[in-house]
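Hello,

I am passing a structure on to you, since you will be working with it from here. Have a look at it first, and then read on for what turned up in it.

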Amino acid sequence: MSSSRHHRLFVHGTLREERVREAVFGRQVPGTPGVLAGHVPAVPRPAAGPGTTAAGGGPAMCPTLERRIDGRTEGTVLHLTDDELAAADAHAAGHGVRRRVVLGSGERAWTHLDAEPLRPAARIVIVGDSIAYGRCDPRGGWAGRLAAAHIAANEAEHRLFNLAVPGASLADVAAQTPALLPARHPDTLLVAAGINDAATGDGLDRLTEHLDSLAALALDAGARLVVAGPLWLDEEHAPAYEGLRFTLDGALALRSALRAWCEARRVDHLDLWEPLRDRPGLFADGLHPTAAGHEEIHRFMVRTAGARPSLSS
């Protein structure tokens, strides 16, 4: 192998079988028992993408996990090189993405989770600014629609807590969230990165610091981090709030920085730019979407992140 680094990978599906590991890695990779808390096995779904046909000719079925606050899944912990970890990613392609988790032993490891980050979620906490809060929409914006559909799908076990604060930057979110998160017992932390950071002098300079802090917080809480945003903005009609100037160039710089951070750390990024791009009629003031604009954002989240459909759809 070309690399001597080793990585822990928690597996709960076919990679628990020695014959499968031999085929994927070209050697017998030993495994030790492990437990992943907060997850339970779900009904397997047909795998998507090329090379996902089962040996018998039918569709290959991928093992999936659902989030449950008191759940646990038994599996196997593998110790892999860089090349073998890449081979495991290829094996999971079409149904899973590699994300960081904390095992029952307290060890941090990789595992492959549902590629649509909101589909397996049960308890979601949203943090962000006025757009996530739902300003300009009496129905609570895209977060309100997400909450209604999510809770309606399973009122007994699903929860959504919208902790967004109008005017908040990522610096504010990183400072405020640690005190608010534990009592909610989230399995998903949805950080709505708005454009306030792009309009401040040092917002982008410290973006990595703030996101790293939120990532560590989510991991310690056993929650999956999802970073959403920013939205396109209508610069011509965007107002200046408290001296902040909102520009397309600034928003695009934030979008690029968020994407790069998420790719480097294997964190889910919901790019909310496209749903409202070049559609100024869906904004109340150039920055905040109208009710129709929030509906478009939620529809986009249904298509790309596994969010439940809006009750009004």
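Let me start with a histidine. The side chain of H158 comes within 2.7 Å of the backbone oxygen of H150. Please keep in mind throughout that this is a predicted model. You will find H158 in the loop that runs between helix 4 (141–153) and strand 7 (159–162). H158 has a relative accessible area of 7%, which means that this residue counts as buried, the limit being under 20%. Apart from its neighbours within four places in sequence, H158 is in contact with A121, A122, H150, I151, A153 and R308. H150 therefore appears twice in the picture of H158: in the list of contacts, and as the owner of the backbone oxygen that the side chain reaches.

**The sheet next to that loop**

Strand 7, which follows the loop of H158, belongs to an open sheet of 5 strands in the order 7-6-8-9-10, with parallel pairing. Which strands sit at the edges, pairing on one side only? They are strand 7 and strand 10 (268–270). On average, neighbouring strands of this sheet are turned by 20° against each other, if direction is ignored. As a general reminder, the strands of a sheet pair through backbone hydrogen bonds, in either a parallel or an antiparallel way.

You can walk across the sheet pair by pair. Strand 6 (residues 123–127) pairs with strand 7 in the parallel sense over 4 bridges, and V125 has F161 of strand 7 as its bridge partner. Further along, strand 8 (residues 188–192) and strand 9 (residues 224–228) are parallel partners over 5 bridges; here L189 is matched with L225 in strand 9. Strand 9 also pairs with strand 10, again in the parallel sense, over 3 bridges, with L270 in strand 10 as the bridge partner of A228.

Is strand 9 buried or exposed? It is mostly covered, as 5 of its 5 residues are buried. R224, V226 and A228 point one way from strand 9, while L225 and V227 point the other way, and all are buried.

Strand 6 has a residue worth a look too: V127 is located there. V127 is buried, because its relative accessibility is 3% and the limit is under 20%. Setting aside its neighbours within four places in sequence, V127 is in contact with L163, A164, V173, T177, L189, L190, V191 and A192. One of these contacts, L189, is the residue that bridges to L225 in strand 9. By way of a distance, the C-alpha atoms of V127 and A257 lie 19 Å apart, with their positions 130 residues apart along the chain.

**Strands 1 and 5**

Earlier in the chain, strand 1 (residues 7–11) pairs with strand 5 (residues 108–114) in the parallel sense over 2 bridges. The bridge partner of L9 in strand 5 is W110. Strand 1 is largely enclosed by the rest of the structure, because 4 of its 5 residues are buried.

**Charged pairs**

How many salt bridges are there? The count comes to 25. Three of them show quite varied surroundings:

- R145 and D137 meet through their side chains at 2.5 Å, N to O. R145 is buried at 3% relative accessibility, and D137 is buried at 6%.
- R19 and E17 have their closest N and O atoms 2.9 Å apart. R19 is exposed, with a relative accessible area of 64%, whereas E17 is partly exposed at 33%.
- E66 and R68 have their closest N and O atoms 3.9 Å apart. Both count as partly exposed, E66 with a relative accessible area of 37% and R68 with 32%.

The R145 and D137 pair also takes part in a network of salt bridges that links D137, R145, R279, E295, E296 and R299.

**Cysteines**

How many disulfides does the model have? The count is 0. Among the cysteines, C136 is partly exposed, with a relative accessible area of 37%, whereas C262 is buried at 1%.

If you want a route through the model, you could begin at H158 in its loop, go on to strand 7 and across the sheet, and end at the salt-bridge network around D137 and R145.

Best wishes

Technical notes
Residues numbered from 1 in each chain as written. Predicted model: local features only at pLDDT ≥ 70, side-chain atom pairs only at ≥ 80, totals over all residues. Heavy atoms only, no water. Salt bridge = Lys/Arg side-chain N within 4 Å of Asp/Glu carboxyl O. Buried < 20%, exposed > 50% of the residue type's maximum accessible area, 1.4 Å probe, protein only. Polar contact = N/O pair within 3.5 Å; in protein donor to acceptor, adjacent residues only side chain to side chain. Contact = heavy atoms within 4.5 Å. Disulfide = S-S within 2.5 Å. Pairing = 2+ DSSP bridges. Axes fitted to C-alpha atoms, helices over the stretch in contact; angles between N-to-C directions.
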